[in-house]
Amino acid sequence: MPSHTFVLNGERVTVDVDPGVRLLWVLRDVLGVTGPKYGCGINVCKACTSHLNGKAFNPCAVPVDRISADDEITTIEGLADTVDGDLHPMQEAWIEHDVAQCGYCQPGQIMAATALVHRVRAEGRAITEADLDGIRNVCRCGTYPRIREAIKDGAQRM
């Protein structure tokens, strides 16, 4: 089996898996990183949202052979390590706004929200309602109003 190397949550890892294996299964089944959740497997629900080189992506839709040795993948497990403190400011906002109900989608929601804030800031502007409408992560419990408020609060904290 071929080897695939990349950076995961700040550490270089190498896995021996077939090239077409989706990255979500490499993360969960091979590396034991279970924050990115399996929801649909077809890039629709966004429960697995993580960051690839700082941008939101869905590992359920990416074969491991499309990841290079220089690529940096951050999952919810590594998000707090990107800042000083025990939790990332977006995670703190999520707790303060009591967003999670069942909690299944929350890692993906937080990762999408964090990437949104970084993208909007790179564009030199503040988050708008239209930006919030652009987050397409599915929440089975319907906590969207709390999610939106937490994103706004988390953006201010970041």
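Helices (H or I, at least four residues) and strands (E, at least two) are DSSP runs, numbered from the N terminus. With that in hand, welcome to this predicted model of a protein. The protein has six helices and five strands, and two of its pockets are described below.

**Overall build**

- Reading along the sequence, you meet the elements in the order β-β-α-β-β-β-α-α-α-α-α.
- The C-alpha trace spans about 45 × 30 × 30 Å along the principal axes of the protein.
- A compact globule with 158 residues would have a radius of gyration near 15 Å, so the 15 Å of this protein agrees with that expectation.

**Inside and outside**

- Of the 158 residues, 44% count as buried.
- Among contacts with a separation of 6 or more, 56% come from residues 24 or more positions apart.
- The accessible surface comes to about 8100 Å², and carbon and sulfur atoms account for 48% of that surface.

**The largest pocket**

Here is a helpful idea for picturing pockets: rolling a probe the size of a water molecule over the atoms shows where empty space is left.

- The largest pocket holds about 310 Å³ of space.
- Its lining is made up of 17 residues, and if you want to find its centre in the structure, look for Ala56, Ala112, Ala115, Leu116 and Arg119, which lie nearest to that point.
- Which element supplies the largest share of this lining? The answer is α4, with five residues.
- Strand β4 (55-57) and helix α4 (106-122) each give at least two residues to the lining of the largest pocket.
- Sorted by class, the lining of the largest pocket has six nonpolar, six polar and five charged residues.

**The second largest pocket**

- The volume of the second largest pocket is about 220 Å³.
- This second largest pocket is lined by 18 residues, and His51, Thr74, Gly78, Leu79 and Thr82 are the closest to its centre.
- Four elements, β1 (3-8), β5 (72-74), α2 (76-79) and α4, each contribute at least two residues to the lining of the second largest pocket.
- Strand β5 provides the largest share of the lining of the second largest pocket, with three residues.
- How many residues of each class line the second largest pocket? There are five nonpolar, 11 polar and two charged residues.

**An element to look for**

- Helix α4 helps to line the largest pocket, and α4 also supplies at least two residues to the lining of the second largest pocket.

Technical notes
Residues numbered from 1 in each chain as written. Predicted model: local features only at pLDDT ≥ 70, side-chain atom pairs only at ≥ 80, totals over all residues. Heavy atoms only, no water. 1 Å grid on protein atoms, 1.4 Å probe; cavity = no way out; pocket = protein on both sides within 12 Å on 5 of 7 lines; lining within 4 Å. Points joined across faces, edges and corners; volume = space filled by probe spheres on them. Nonpolar A, V, L, I, M, F, W, Y, C, P; charged D, E, K, R; others polar. Rg over C-alpha atoms; globule rule 2.2 N^0.38 Å. Buried < 20%, exposed > 50% of the residue type's maximum accessible area, 1.4 Å probe, protein only. Contact = heavy atoms within 4.5 Å. Areas by Shrake-Rupley, 256 points an atom, 1.4 Å probe, with all protein chains shown as cover.
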